[in-house]
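Trainee: I would like a close look at a single part of this model. Please take one strand and follow it outward to what lies around it.

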Amino acid sequence: MSKIKVVRPQKEKKPKEKREKKSVPKWILSAVIVVLISAVALAWALPALPVKPRTQPPSGYQGVIELWNVETFEGGSGSRSSWLTNKSAKFEKANSGLFVHVTDLTVTELADKLQNGQRFDLICFSRGVGSSVLEYLAPFNDSVGFVRDNFMISGQVDGKQYGVPLYAGAYCLFARSGQLSQDKLTTDALTATFTRKIGKNTVELRPLICGFTQANSPLTALAMSGLRGDASYIDEGVTQYQAYEQFVANNTAVTLLGTQRDIFRLGQKESQSKIDELGFAPVGEYTDLVQYVGISKDCEEKRQSCIEYVKYILSEETQAGLINLNMFSVLDKQLYSSNARMSACEQALSSAFVPNAFVNGEVIANQRQTAKSTLKI
């Protein structure tokens, strides 16, 4: 019997369904192309760009400003150099990367430095020094606020401001009330004598003693106040401190023509009962006890920072600190409302005549002789 082959019917294969392809929106393609182009352009341009510092450097000059400080007359109390250094440190804090180096010099040391070719950027000076530094100074054309006109004019040459007033001193009279009463100080200071016994000796005190600096003319203050009398005996070789010492010793003169420094040191002696009661009178018609600040004509890239320093040192806040030195501000501001003697001088200085800071020694010598002649008239 033959085998029967069973043939199973094959399943019909279904054709595979084709998936529909979704088209990408054109705006996406455009965005991708723009990003790719920008990335390529940035990668090409970056190496050519300058490297940006991590921190933004401060504006203004970066470095050292050399400030020379030349003092030729006595201050009030404390160190004027320390005050200047302290104020410079505060200026540095407000100007990152800038340093003000303060150097104290005598007149001789100043001359040596200039002769050796050394130069300053800023210089603080007074009358007698001005004539030797004028050629190194640049005119100061910026406004410095409320500096009194009588002080500003004294720092000018041919209408240009070469020295800006920084602070001032004043002249005043002292006498022991038992030898010359206060109400006669401004009339009899050059005529009143006094006889006193020192041990076994009898000494007649001359009318007046005063101290001189290299370039001041204290007797001009008396002459301009209207005082009259013989001043021919007054020794111009006596320093301000020596005059104070001789007055305290009470064996030379009845009256002392002193300064703001004597207000301080004689005031201390009075408070300690180490001197008899003193009469006092300001002589405010004249002062040549003025410190100026000038800017070098060669400071170049430092110039603007030097100008800003001058403005800072003449700001109301900085000038108010002069009360700690017993010196007077050149601004039209009152500092000494609680100190009667200093206040009297301060008020007088507002209208005082201030001579030019840049005259030479010959002019000053002639001025001293003119004062003595005027007093004797």
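Mentor: Start with strand β1, residues 63-70, bearing in mind that the model is predicted. Of the 8 residues in β1, 6 are buried, so the strand is largely enclosed by the rest of the structure. Two strands pair with β1. Strand β2 (residues 98-105) does so in the parallel sense, over 8 bridges. Within that pairing, V64 stands opposite F99 of β2. To get from β1 to β2 the chain passes through helix α2 (residues 80-93), and this β-α-β crossover is right-handed. The other partner is strand β3 (residues 122-126), also parallel to β1, with 3 bridges. There, N69 has C124 as its bridge partner.

Further along the chain is an open sheet of 5 strands with mixed pairing, in the order β9-β10-β11-β8-β12. Its edges are β9 (194-198) and β12, each of which pairs on one side only. Direction ignored, neighbouring strands of this sheet are turned by 30° against each other on average. One antiparallel pair in the sheet is β8 with β11 (residues 253-259), joined over 5 bridges. A175 belongs to this pair, and its bridge partner in β11 is T255. Helix α9 packs on the sheet, where it touches β8, β11 and β12. The direction of α9 makes about 125° with that of β11.

A second helix, α12, lies across β8 and β12 and runs at about 20° to β12. Like β1, α12 can be judged by its burial: 7 of its 10 residues (340-349) are buried, so this helix is largely enclosed by the rest of the structure. The buried residues are R341, M342, S343, C345, E346, A348 and L349. Their cover includes α5 (149-153), β8 (171-176), α9 (260-271), β12 (278-283) and β14 (328-329).

Last comes the nonpolar interior. The largest nonpolar core has 103 residues, and L219 and L222 touch the most other members. Helix α10 (residues 303-313) supplies the largest share of this core, 6 residues. Leaving aside residues up to four places away in sequence, L222 touches L173, L190, L208, L227, L257, V283 and L375. Such grouping fits a general tendency: in soluble globular proteins, nonpolar side chains tend to be buried together.

Definitions and conventions: Residues numbered from 1 in each chain as written. Predicted model: local features only at pLDDT ≥ 70, side-chain atom pairs only at ≥ 80, totals over all residues. Heavy atoms only, no water. Core = buried A, V, L, I, M, F, W, Y, C linked by side-chain atoms within 4.5 Å. Buried < 20%, exposed > 50% of the residue type's maximum accessible area, 1.4 Å probe, protein only. Helix = DSSP H or I, 4+ residues; strand = E, 2+ residues; numbered from the N terminus. Contact = heavy atoms within 4.5 Å. Pairing = 2+ DSSP bridges. Right-handed = clockwise from strand over helix to strand, strands pointing away. Axes fitted to C-alpha atoms, helices over the stretch in contact; angles between N-to-C directions.
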